Amino acid sequence: MATLTFHGHATCTVTTDDGTRLVIDPFFGDNPATELSVEEVDADFVLVTHGHYDHIADAAALAKRTGATVISTVEVVEFLATQGVENLHGMNIGGARDFPFGRLKMVHAIHGGSVQLEGGAPYTTPCAGFVIQVDGCRLYHAGDTALTLDMQLLKGAVDVALLPIGDNFTMGPEDAARAVEFIEPDRVIPIHYDTWPVIEQDPEAFRELVGDRASVEVLAPGGETTLG
Ligand code: NI
Ligand code: MN
């Protein structure tokens with residue numbers, strides 16, 4: 001059975017039964033929610049939902065040190081190639097692929113995303129969520145997103161959902177609770193809140209809003225849970 005470790009904000013590590021480590025949205029050094037430095041983190045795969053700093057910050061450093069393969073949108077992958085990352089796999093929304101750890105599908109997220117080449121102007125990159133089938137569990141990491149009707153397409157296809165509840169930049173608790181109605185996962189883990197004052201939220205209030213539609217699991221940074 002795979003395990004999930006939450007590092008705060010949208011950053012987490014999924015470790016499969018056979019010890020393969022997937023680090024999603026690596027944001028360690030400047031992340032107020034974790035004491036962990038990227039040098040202490042191991043990865044076989046690095047998954048990046050989009051090009052905003054709080055999701056991509058340590059992706060290049062982590063991939064270069066560990067040799068991990070970065071999976072992201074084609075545009076983000078092209079950017080990381082300019083940063084010296086060698087092992088890259090580009091995808092786009094709606095595409096799925098079998099990886100050594102399981103099947104991964106890139107799904108829609110409504111949000112922005114930009115990266116900046118040294119000395120250049122920022123340019124827009126698309127953003128995505130991931131549905132990852134790992135050790136029999138279907139895990140949805142929503143990335144940064146608004147509530148979207150497209151989430152209804154995930155109904156019945158997700159066991160555990162990582163949903164942003166911070167508001168301001170993403171869904172807030174009310175919309176995230178509606179996302180739970182759309183997706184009908186067994187379990188929900190709120191993410192992307194309390195990192196800064198502008199996204200402070202009470203996860204217990206989110207639990208109330210979700211009610212009996214799903215089990216809400218609140219993980220403090222460093223917290224771990226099993227997937228399955
Ligand atoms: Ni973002
Ligand atoms: Mn973000």
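## The manganese site

In this predicted model, the residues that donate to the manganese ion (ligand 2) follow the sequence spacing D-H-x88-D-x47-H. Put names to that pattern and you get Asp 54 (OD), His 55 (NE2), Asp 144 (OD) and His 192 (NE2), the protein donors, which lie 2.1 to 2.2 Å from the manganese ion. A second metal joins the picture: the nickel ion (ligand 1) is 3.3 Å from the manganese ion (ligand 2), and Asp 144 coordinates both.

Where do Asp 54 and His 192 lie? Asp 54 belongs to helix α1 (residues 53–56), while His 192 is in the loop between β14 and α5 (203–210), so this pair ties together parts that are 138 residues apart in sequence. And are these two buried or exposed? Asp 54 has a relative accessibility of 13%, under the 20% cut-off, and so counts as buried. His 192 is buried too, with a relative accessible area of 1%.

## The seven-stranded sheet

Now for the strands. Seven of them form an open sheet with mixed pairing, in the order β7-β8-β11-β12-β13-β14-β15. The edges are taken by β7 (96–99) and β15 (215–216); each has a single partner strand, so one side of each is left without a neighbour in the sheet.

At the β7 edge, the partner is β8 (residues 102–108), and the two strands pair in the antiparallel sense over four bridges. If you would like to find one of the bridge partners on screen, look for Arg 97 and Leu 104 of β8. Helix α4 (residues 173–183) packs on the sheet, where it touches β12 (137–141), β13 (160–164) and β14 (187–191). The direction of α4 makes about 155° with that of β13.

## Helices α4 and α5

Helix α4 also packs against α5, at an angle of about 40° and with the axes 9 Å apart. The two helices are therefore oblique to each other, and their crossing is right-handed. Which residues make the contact? From α4 come Pro 173, Glu 174, Ala 176, Ala 177 and Val 180, and from α5 come Phe 206, Leu 209 and Val 210.

## A loop glycine

Finally, a look at Gly 29, which sits in the loop between β3 (21–24) and β4 (45–47). With a relative accessibility of 57%, Gly 29 counts as exposed. Gly 29 and Asp 58 are 29 residues apart along the chain, and their C-alpha atoms are separated by 7.4 Å.

Conventions. Residues numbered from 1 in each chain as written. Chains lettered and ligands numbered in written order. Predicted model: local features only at pLDDT ≥ 70, side-chain atom pairs only at ≥ 80, totals over all residues. Heavy atoms only, no water. Pairing = 2+ DSSP bridges. Contact = heavy atoms within 4.5 Å. Axes fitted to C-alpha atoms, helices over the stretch in contact; angles between N-to-C directions. Donors = N, O, S within 2.8 Å, 3.2 Å for Na, K, Ca; no water. Buried < 20%, exposed > 50% of the residue type's maximum accessible area, 1.4 Å probe, protein only. Parallel < 35°, antiparallel > 145°, perpendicular 65-115°, else oblique. Left-handed = near helix turned anticlockwise from the far one by under 90°.
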